[in-house]
Amino acid sequence: DIQMQTNHLSHFIMCRELLPLLEKAATLRGEARIVHHSSGARRNPSKKLEAKYFGKNGGNLGGNGNSMLMGGARWKRYQQSKLANSVMTLALHARLQAKGSKVKAFCAAPGGAATSLGVTSNADGGFSAGSPGLTSWVLKQIAQSAEDGTLPLLTCCVSPEAMSGDMWEPAGGMKGPAKKTPHGKLADDTAACETLWTASEEVCGKFPL
């Protein structure tokens with residue numbers, strides 16, 4: 001799935017390739033941080049993280065239904081990719097901690113932020129016919145500014161309050177000050193961490209950690 005390739009598998013490869021440099025930086029400076037960018041959509045999948053979304057299964061992943069409100073297939077794939085970001089953070093954190101590394105893993109979600117994502121999603125057919133106007137209106141009512149949406153990410157990048165393995169997002173879910181929150185039961189699961197690592201290695205190659 002292209003969304004899983006973009007939102008997770010590319011990050012898996014980048015973490016693997018940059019880890020030696022991050023370890024060196026952590027030795028020199030006391031720590032180094034990896035921050036994954038997830039979404040509140042990580043809580044929405046009807047099923048746990050599924051390995052089929054990681055492999056070469058294009059055309060066999062439910063079609064291209066585009067209703068965000070009614071659970072279209074492309075939104076289900078998006079939810080799986082955002083769940084993968086959260087699971088990757090927990091899996092990476094556990095492995096780094098086990099080896100005594102000073103590299104830390106974090107996850108953040110911006111909530112509802114007024115960026116161009118909604119515009120580009122609509123232009124790409126991301127909303128079903130008849131719903132773009134309604135969806136756009138709803139998002140405008142509940143979204144915060146793009147600048148405020150960066151606060152959870154900045155917290156994970158630089159705040160001494162943020163601890164490895166944390167999830168930070170707006171206190172109100174869609175908006176509000178950055179707050180530490182649970183990853184959610186779908187992410188905080190040992191089996192999901194193993195599924196993600198195994199499926200990612202099958203596609204991207206070994207990540208010995």
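**Salt bridges, a patch and a pocket**

Trainee: At 18% relative accessibility, does R33 count as buried or exposed?

Mentor: Keep in mind that we're looking at a predicted model. The cut-off for buried is under 20% relative accessible area. R33 comes in at 18%, so this residue counts as buried.

Trainee: Which residues are linked with R33 in a network of salt bridges?

Mentor: Start with the pair E31 and R33, whose closest N and O atoms are 2.8 Å apart. E31 is partly exposed, at 25% relative accessible area. The network also takes in a lysine, so R33 is linked with E31 and K104.

Trainee: How many residues apart in sequence are the parts that R43 and E169 tie together?

Mentor: Their side chains meet in a salt bridge, 2.7 Å from N to O. R43 sits in the loop between β1 and α2, while E169 belongs to strand β3, so the parts they tie together are apart in sequence by 126 residues.

Trainee: Of R43 and E169, which one is buried?

Mentor: R43 has 42% relative accessibility, so that one counts as partly exposed. With a relative accessible area of 3%, the buried one is E169.

Trainee: What accessible area do M14, L18 and L21 have together?

Mentor: Take M14 to begin with: its place is in helix α1, and it is partly exposed at 48%. M14 forms a nonpolar surface patch with L18 and L21, and together their accessible area is about 300 Å².

Trainee: How much space lies in the second largest pocket?

Mentor: Eleven residues line this pocket, with S46, K47, E50, Y53 and K76 nearest its centre. By class, the lining has four nonpolar, three polar and four charged residues. The space inside is about 160 Å³.

Terms used:
Residues are numbered from 1 along each chain as its sequence is written. This is a predicted model: local features need pLDDT of at least 70, side-chain atom pairs count only at pLDDT 80 or more; totals for chains, interfaces and linings use all residues. Side-chain values use heavy atoms; hydrogens and water are left out. On a 1 Å grid over the protein atoms alone, a cavity is a set of points where a 1.4 Å probe fits but cannot get out, and a pocket is an open set with protein on both sides within 12 Å along at least five of seven lines; lining residues have an atom within 4 Å of a point. Grid points are joined across faces, edges and corners, and a volume is the space filled by probe spheres set on the points. Ala, Val, Leu, Ile, Met, Phe, Trp, Tyr, Cys and Pro count as nonpolar, Asp, Glu, Lys and Arg as charged, and the others, Gly among them, as polar. Patches are made of residues with over 30% relative accessible area and no salt bridge: like charges are joined within 9 Å, nonpolar side chains (Val, Leu, Ile, Met, Phe, Trp, Tyr) within 5 Å. Accessible areas come from the Shrake-Rupley method with a 1.4 Å probe; for residues, only the protein chains shown count as cover. A salt bridge is a side-chain nitrogen of Lys or Arg within 4 Å of a carboxyl oxygen of Asp or Glu. Helices (H or I, at least four residues) and strands (E, at least two) are DSSP runs, numbered from the N terminus. Buried means under 20% relative accessible area, exposed over 50%, partly exposed in between (1.4 Å probe, protein chains only).
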